[in-house]
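Subject: Structure for you to look at

Hello,

Please find the structure below. My notes on it follow.

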Amino acid sequence: MPEQNKMEKIVSLCKRRGFIFPDSEIYGGLANAWDYGPYGVELKNNIAAAWWKRFVRTRDDMVGLDSAIITNPKVWEASGHVANFNDPLVDCLKCKARHRGDKLLEEKIGVAEAAKIPFEQVGRKLAELKITCPSCGAASWTEARKFNLLFETNIGVVADAKNKAYLRGETAQGIFINFKNIVDTMRKKLPFGVAQIGKAFRNEITPGNFIYRTREFEQMEIEYFIEPPKQDEWKKPFEEWQAEIKKFFKDDLGIGEEHLRWRRHEDDERSFYSKDTYDVEYDFPSFGWGELMGFAYRTDYDLKQHIKYSGADLSFTGDDGKKFVPHVIEPSFGLTRTLLSVLCEAYREEDVKGEIRIVLKFRKNIAPVKIAVFPLLKNKPELVKKAREIYDRLKLACACEFDDNGNIGKRYRRQDEIGTPYCVTVDFDSLDKGDVTVRDRDTMEQERVEIDKLEGYFAEKFK
Ligand code: ATP
C-alpha cells in the first residue's frame with residue numbers, strides 16, 4: 001500500500017468510525033483542529049492509562065500532578081518561553097505564504113545540518129540552496145523573523161498588558177513550580193520524579209499532518225529529580241529511563257522497534273544547559289521520521305531559573321542537612337502524537353478470500369473496545385436476552401459493545417475496523433449448551449467457550 005495513501009486511509013477511517021472528527025465541522029471547520037470521538041477518546045485514555053501505570057502507579061519513586069493551564073505569566077518568562085520560544089519564520093516573496101524556515105532546511109539538508117545555521121542566516125540559506133516554497137514553487141524568501149509560539153490571553157474583562165497571561169506551552173513547567181509543594185508534602189527522597197498529563201498550546205506556524213502537529217495537543221511529561229551528579233553519575237538513571245521508555249513503546253503500545261529510532265542531538269543542536277538529548281522518532285507513513293518524544297538530561301537549569309525569577313527557595317535538603325538544587329532528567333511525550341503512531345502501527349489491509357479486510361491490530365490492552373457481544377439474530381428475543389445478560393456481565397470488567405445491527409459479517413467488519421480484539425456471538429446452541437462463539441480479531445479463528453467461563457477466559461487474554 002503506498003504510504004501516502006495509508007495516511008489518507010487512516011484519516012478517513014478515523015472519521016468514518018468515530019475516532020477523530022474535524023473540529024467545528026458544522027461551521028466549516030477550523031484548520032488543524034480535531035475532536036476525539038467515542039473511540040478516539042477511549043484509545044487516548046488507554047494510552048494515557050498505560051503510561052500512568054508504567055511510570056507512576058507501579059513506581060515508588062514517582063508521583064502525579066495536574067497543574068493549571070493558565071498560570072502566572074512569570075512562569076513563562078522564567079522558563080525562557082517568552083523570550084526564546086521562537087521559530088524562524090520566512091515569507092515567500094512571490095505568494096506571501098509563511099513557512100517555518102528551519103523545517104524547510106531540515107527537509108533539504110537534515111536536522112543536524114539545519115541546526116547549525118544561525119537564525120539570521122535562515123532566509124539567505126533557503127535561497128542559496130534553491131529551496132522552493134511549498135505553496136507556489138518560487139525560491140525567494142524574506143529574512144527569518146521570530147514568532148512567539150505561546151498563546152496569549154487576558155485575565156478578566158479588560159485587555160491590557162497588566163492582565164496578559166499565556167496558555168501553557170508545555171506541561172513541564174507546572175512540575176517545576178510545584179517542586180517545593182511536592183517536596184514538603186510527599187516526604188520523597190531523591191531520586192524521585194513527578195509526572196503530568198494534560199493539554200498544551202502552541203501557536204504553530206505550520207501545523208499539519210493530521211494530529212501530528214496541532215495548536216492544541218496533549219503531553220505526558222516527567223521531571224525526574226536527581227542529586228547533582230559527580231561526573232557521569234547521571235548516565236545510570238538516564239539509561240534506566242531509556243530502557244523503560246523502550247518498554248513502554250514496545251510492550252504497552254505494541255510499536256515495532258523497526259519503526260522507532262533514537263536520534264541523538266549533536267552538540268550544536270542541543271540546548272546549552274543540556275548534557276545529552278535524544279528525539280525518539282517514529283517512521284510515519286507519508287511524511288517519514290517525525291519526533292514522538294524528547295528525552296534530555298537538563299541539569300539544574302529549570303529549577304535555577306525559577307529560583308532566579310521567583311526568589312523562592314527550591315533547594316532540597318539531603319540526609320546530611322546540606323542544601324542543593326537537584327538536577328533533572330526529562331522524558332517528554334506527546335500523547336496525541338503517540339496516538340497517531342499507534343493508529344499507523346495498527347492499520348492493516350488484508351486480503352481475505354479475495355476481499356480486503358481493514359483491521360486495526362491494536363495491542364489488545366489499549367483497544368478502545370475490548371469485547372463486542374452479538375446475538376446471532378436481532379429478531380429472536382431469547383438470543384437478544386442471553387446476549388444482553390453476557391454483555392451486562394462482561395462490561396463490568398472492560399469496555400464492551402453490544403451490537404445487533406445487520407448480518408454477522410458486517411458486524412465483524414465494523415469491529416475489525418475499530419480494532420476490537422474479541423467478538424462473542426450468542427446463537428441457538430448457546431441456549432441449549434451454554435456456550436458461545438468467541439472470534440479472535442487477528443487470527444479470525446473461532447472457538448466455543450462456556451458462558452460461565454467467559455470472565456476467566458477474558459481475564460487471561462487481557463492480563
Ligand atoms: P517539534 O520539533 O515537532 O516542534 P518540539 O521539539 O518543539 O517538537 P517538545 O517541546 O520537546 O517538542 O515537546 C515534547 C513533545 O510534545 C514532542 O515530542 C511532541 O510529541 C509533543 N508536541 C510538541 N509540539 C506539538 C504539537 N504542536 N502538536 C502535537 N504534539 C506536539
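Among contacts in the protein chain between residues at least 6 apart in sequence, those joining residues at least 24 apart make up 64%. Please keep in mind that this is a predicted model. The chain has 463 residues, of which 34% count as buried. Its secondary structure consists of 16 helices and 23 strands. Taken along the principal axes, the box filled by the C-alpha atoms is roughly 75 × 65 × 50 Å.

Domains

The domain assignment divides the chain into three entries: domain 1 covers 3-85 + 149-343, domain 2 covers 86-147, and domain 3 covers 369-461. Domain 2 thus falls in sequence between the two segments of domain 1. Between the C-alpha centres of domain 1 and domain 3 the distance is 39 Å.

The seven-stranded sheet

One open sheet has seven strands with mixed pairing, in the order β3-β9-β10-β16-β13-β12-β11. Its edges are β3 (62-65) and β11 (260-264); each has a single partner strand, so one side of each lacks a neighbour in the sheet. From one strand to the next the twist averages 20 degrees.

At the β3 edge, the pairing is with β9 (residues 192-201), in the parallel sense and over four bridges. Gly64 has Ala195 in β9 as its bridge partner.

Helix α2

This helix is where the sheet and a second helix can be described together. On the sheet, α2 lies across β3, β9 and β10 (216-226), and it runs at about 160 degrees to β9.

The second helix is α12. The axes of α2 (residues 38-57) and α12 (residues 335-346) come within 10 Å of each other and cross at roughly 110 degrees. Since angles of 65 to 115 degrees count as roughly perpendicular, α2 is therefore roughly perpendicular to α12.

Which residues make the contact? From α2 they are Leu43, Lys44, Ile47 and Ala48, and from α12 they are Leu335, Thr338, Leu339 and Val342. By class, the contact of α2 with α12 has six nonpolar residues, one polar and one charged. The charged residue is Lys44 and the polar one is Thr338.

If you open the model at one place, I suggest the β3 edge of the sheet, where β3 pairs with β9 and α2 lies across both strands as well as β10.

Regards

How values were computed: Residues numbered from 1 in each chain as written. Predicted model: local features only at pLDDT ≥ 70, side-chain atom pairs only at ≥ 80, totals over all residues. Axes fitted to C-alpha atoms, helices over the stretch in contact; angles between N-to-C directions. Helix = DSSP H or I, 4+ residues; strand = E, 2+ residues; numbered from the N terminus. Parallel < 35°, antiparallel > 145°, perpendicular 65-115°, else oblique. Contact = placed C-beta atoms within 7 Å. Buried ≥ 20, exposed ≤ 12 C-beta atoms within 10 Å, placed from the backbone. Pairing = 2+ DSSP bridges. Domains from an automatic or database assignment.
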